[in-house]
Amino acid sequence: AAFAVVKAIKSVAATGRTVVCTIHQPSKLLFNMFDSLLLLVKGGKVVYFGELGENSSALVKYFEGAPGVTPMKPKLNPATWMLDVLNEGTDFPEYYKKSDLAKDAETKLRSMRQVPASDGTGSDIEQGLPPKRMRPRKKRQPRYSQPAGVQLKELLQKFTLTYWRSPQYNYVRFVLMLLVAIILGLAFLQVDTTNQTGMFQAISAQFIALVFLGIMSMNQVMALITTERAVFYRERAVNTYSSALYGLVLGIVELPYLAFSSCVFSFIFYWLVGLNHNWGWFFFWVLVFFLYMMFATFLGVMLVIVMPSQAVAQMIGSAYSVLMILTCGFTIPAPKIPIWWKWFYWVNPLGYALNAMLSSQFHCEGEGWQGCPQVVLVDAITLKSTKKTVWGYLQPTYGVNYDLLWLWVGAVLIAIIILRAVTLYGLKFICHLKR
């Protein structure tokens, strides 16, 4: 096993890279595979720093030249003999300082650093150095070993394989979306929006779909990102790739799975419930649902990156979800939200998505609102029934606004962008590694 490791390291060194190893009681075969040796004794004092030579001949010759050293016997392991020699009483640190080996090492180091001699006397020319204006400037080393294009390609391949090999995440997500679509669709099968109860059911079905699947998406992604975060910390420490590109790819790789599962869910749920039969509004509904699932998923990613643990991330995510549910304009109708919570209604992505969905499904205006769907309303006290258009009831009751339809969609997009920005900041500057 040790031979295989050293052989692999040797092949790395053959590419021009410098490899530094510490070894403990190596065999003769392994010891002779190394090119150079830095040998230290107690106190960090150098006793040998130079080439080993073929079959450690340079090392053996050096130590045999020291006074009082017993010559090495044939077939003896140079590493073992070297350690025995150090115990024979000779002051090897002092012997090394006076040796030609130390002078050669100092000369090489000085020429590599391109600085004047340690005594600081004489001009650059007298010391054999070129004038300062003629010395080559040090090139700034790139932070990453590979350009951005290569990093992006490798990260895309890495995460594509990671997601493909994570059926417990993607397969379960798809199956749950399929089951929820069927269950909700059958529970609210072809609701009749011409009465107050049916209209409320149609609104409730869309609200439940957003809330349940949003929380599910947020919690599901946390386990996967928690595992990836530990690997990312190690790779970030050695500048394997850019944190920004890592965060970018982390978002890109989610999109195909989110798009596919959102389309499957929407197609089943939408037509089972019997929402607006206009195909244009169907595709708009799919867009809004997809954007909100993206928001919920990226919220889970952001919380795992920023928070110290998955447990804390889930706790914060749950508290935030409760606030969104309470102030989205449905649990408490928008006009009746307490003034001290009204501000949260205007920064609530769940409210944005729900407003966009309801506006697209129930909006109907025209001259006298003729031809618009009517709803029968029953007064709970007097039991008198009145007729209103669905939109005429919905707009003042829940505060939805069709004129702001695309503003709601844009607001969800802005919320997604903010989450991505916070995630990128966390990837670059936050580290919760305990060791």
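Buried means under 20% relative accessible area, exposed over 50%, and partly exposed in between (1.4 Å probe, protein chains only). Let's put that to work on this predicted model, where local features need pLDDT of at least 70, side-chain atom pairs count only at pLDDT 80 or more, and totals for chains, interfaces and linings use all residues. Residues are numbered from 1 along each chain as its sequence is written, and side-chain values use heavy atoms, leaving out hydrogens and water.

**Exercise 1.** Classify Asp-35 by accessibility and find its salt-bridge partner.

*Solution.*
- Step 1: Asp-35 has a relative accessible area of 48%, so Asp-35 is partly exposed.
- Step 2: A salt bridge needs a side-chain nitrogen of Lys or Arg within 4 Å of a carboxyl oxygen of Asp or Glu. Lys-10 meets this rule with Asp-35, the closest N and O atoms being 3.3 Å apart.
- Step 3: Lys-10 sits in helix 1 (residues 2-13) and Asp-35 in the loop between helix 2 (28-31) and strand 1 (36-41), so the pair ties together parts 25 residues apart in sequence. Helices (H or I, at least four residues) and strands (E, at least two) are DSSP runs, numbered from the N terminus.

**Exercise 2.** Are Glu-254 and Arg-173, a salt-bridged pair, buried or exposed?

*Solution.*
- Step 1: The N to O distance in this salt bridge is 2.9 Å.
- Step 2: The pair links helix 11 (residues 254-273), home of Glu-254, to helix 8 (residues 167-187), home of Arg-173, 81 residues apart.
- Step 3: Glu-254 is buried because its relative accessibility is 0%; Arg-173, at 2%, is buried too.
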